[in-house]
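The following paragraphs lead through one protein model, taking up its charged pairs, a threonine and its surroundings, the nonpolar core and the overall layout in turn. Please keep the sequence and the structure in view while reading.

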Amino acid sequence: MLYLPRQLSTRQVPEAARLELVHDAAGQLMGTIIISVADTIFDIDNPAHVRLAHDIEVRLTDQNLLPRYPDLLI
């Protein structure tokens with residue numbers, strides 16, 4: 001599971017099991033939670049789960065949707 005402060009669509013992240021839009025109390029869109037595995041708990045020891053998470057990360061990186069480390073520094 002990953003939160004990004006932007007709206008994403010299944011077209012942008014087709015590997016995700018589910019995308020949940022997050023709204024604030026006023027109903028304004030805040031971002032999207034990306035859920036990689038929906039039918040069970042993510043298991044780091046399950047190679048299929050890890051591969052799926054990696055595929056999602058690569059997809060997001062290719063589209064410049066992940067923040068870069070230098071951008072996270074204050």
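Arg18 has a relative accessibility of 40% in this predicted model, and because partly exposed covers the range between 20% and 50%, Arg18 falls into that class. Its side chain takes part in a salt bridge with Glu20, in which the closest N and O atoms are 2.8 Å apart. Glu20, with a relative accessible area of 33%, is partly exposed as well.

The count of salt bridges comes to two, and the other pair is formed by the side chains of Arg59 and Glu15, with an N to O distance of 2.6 Å. Arg59 belongs to helix 1 (residues 47-62), whereas Glu15 sits in the loop between strand 1 (2-4) and strand 2 (18-23), so this salt bridge ties together parts of the chain that lie 44 residues apart in sequence. Both partners count as partly exposed, Arg59 at 32% relative accessibility and Glu15 at 22%.

Glu20 also leads to a residue in another setting, since it is among the residues touched by Thr32. Thr32 is part of strand 3, which runs over residues 29-35, and because its relative accessibility is 0%, Thr32 counts as buried. Leaving out residues up to four places away in sequence, the contacts of Thr32 include Leu2, Tyr3, Leu4, Arg6, Gln7 and Leu8 as well as Leu19, Glu20 and Leu21. With Leu8 there is also a polar approach, in which the side chain of Thr32 reaches the backbone nitrogen of Leu8 at 3.0 Å.

Leu8 in turn is a member of the largest nonpolar core, which has nine residues, namely Leu4, Leu8, Val13, Ala16, Leu19, Ile34, Ile56, Leu60 and Leu65. Which residues does Leu65 contact, once its neighbours within four places in sequence are left aside? They are Leu4, Arg6, Leu8, Gln12 and Leu60, and of these Leu4, Leu8 and Leu60 are themselves listed in the core.

Turning to the chain as a whole, its secondary structure comprises two helices and three strands, arranged along the sequence in the pattern β-β-β-α-α. The C-alpha trace spans about 40 × 30 × 25 Å along its principal axes. Of the 74 residues, 20% count as buried, while the chain exposes about 5600 Å², of which carbon and sulfur atoms supply 54%. Among the contacts between residues at least 6 apart in sequence, 46% join residues at least 24 apart.

Definitions and conventions:
Residues numbered from 1 in each chain as written. Predicted model: local features only at pLDDT ≥ 70, side-chain atom pairs only at ≥ 80, totals over all residues. Heavy atoms only, no water. Core = buried A, V, L, I, M, F, W, Y, C linked by side-chain atoms within 4.5 Å. Buried < 20%, exposed > 50% of the residue type's maximum accessible area, 1.4 Å probe, protein only. Contact = heavy atoms within 4.5 Å. Helix = DSSP H or I, 4+ residues; strand = E, 2+ residues; numbered from the N terminus. Polar contact = N/O pair within 3.5 Å; in protein donor to acceptor, adjacent residues only side chain to side chain. Salt bridge = Lys/Arg side-chain N within 4 Å of Asp/Glu carboxyl O. Areas by Shrake-Rupley, 256 points an atom, 1.4 Å probe, with all protein chains shown as cover.
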